[in-house]
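Here are a few exercises to work through with the model open beside you. Try each task before you read its solution.

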Amino acid sequence: MKTVDELEDALCPQRNKLIPCEDGYKATILDIELDPIECSFYSDDCVHIDTKDYTYITLDLNNLYKLIDLIEEEITLREENK
């Protein structure tokens with residue numbers, strides 16, 4: 001039987017990873033229902049969550065902590081690249 005992490009890795013191998021893009025960074029997280037949620041980071045110490053494909057998203061504490069981690073990681077990367 002697969003673990004939750006193995007299932008999430010199979011559904012979204014690049015989940016929880018910052019990927020550079022033209023205007024900052026992007027990342028995909030999986031919500032508690034395993035829906036892929038696109039997140040953008042635009043050097044404003046915030047996360048912009050794209051919900052246009054969903055009526056709602058369901059985030060638990062782990063999702064929220066991961067978003068905080070991604071914001072902090074983006075800030076660190078931005079400061080290192082100054």
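Two strands count as paired if DSSP finds at least two bridges between them. Helices (H or I, at least four residues) and strands (E, at least two) are DSSP runs, numbered from the N terminus. This is a predicted model, so local features need pLDDT of at least 70 and side-chain atom pairs count only at pLDDT 80 or more, while totals for chains, interfaces and linings use all residues. Residues are numbered from 1 along each chain as its sequence is written, and side-chain values use heavy atoms, with hydrogens and water left out.

**Exercise 1. Walk along the chain and list its elements in order.**

Step 1: count them. You should get 2 helices and 4 strands.

Step 2: read from the N terminus, and the pattern is α-β-β-β-β-α.

Step 3: check the overall size. The radius of gyration (taken over C-alpha atoms) is 13 Å, close to the 12 Å from the globule rule (2.2 Å times the number of residues to the power 0.38) for 82 residues, so the chain is as compact as a globular protein of that length. The C-alpha trace spans about 45 × 30 × 25 Å along its principal axes.

**Exercise 2. Work out how the strands are joined, going from strand 1 to strand 4.**

Step 1: begin with strand 1 and strand 2, a hairpin with 2 residues between the strands. They pair antiparallel over 3 bridges, and Cys21 sits opposite Gly24 of strand 2.

Step 2: move on to strand 2 and strand 3, which run antiparallel and are joined by 6 bridges. Here Ala27 has Cys39 in strand 3 as its bridge partner. This hairpin has 5 residues between its strands, and Leu34 takes a positive phi near 70 degrees in it.

Step 3: finish with strand 3 (residues 36-41) and strand 4, antiparallel over 3 bridges. Glu38 has Asp50 of strand 4 as its bridge partner.

Step 4: put it together. You have an open sheet of 4 strands in the order 1-2-3-4, with antiparallel pairing. Strand 1 (19-21) and strand 4 (48-50) are at the edges with a single partner strand each, so one side of each has no neighbour in the sheet. On average, neighbouring strands are turned by 35 degrees against each other, direction ignored.

**Exercise 3. Which strands does helix 2 touch?**

Step 1: look for contacts (heavy atoms within 4.5 Å). Helix 2 (residues 61-80) packs on the sheet and touches strand 2 (24-30), strand 3 and strand 4.

Step 2: compare directions. Axes are lines fitted to C-alpha atoms, for helices over the stretch in contact, and angles run from 0 to 180 degrees between N-to-C directions. The helix makes about 165 degrees with strand 2.

Step 3: check the cover on strand 2. Buried means under 20% relative accessible area, exposed over 50%, partly exposed in between (1.4 Å probe, protein chains only). By that cut-off, 6 of the 7 residues of strand 2 are buried; for the whole chain, 24% of the 82 residues are.

**Exercise 4. Why do Cys12 and Cys46 form no bond with the closest cysteine sulfur?**

Step 1: apply the cut-off, a pair of cysteine sulfur atoms within 2.5 Å. The structure holds 0 disulfides.

Step 2: take Cys12. Its sulfur is 10 Å from the closest one, in Cys39, which is too far for a bond. Cys12 is buried, at 11% relative accessibility.

Step 3: take Cys46. Its closest cysteine sulfur is also in Cys39, at 13 Å, again too far. Cys46 is partly exposed, at 36%.
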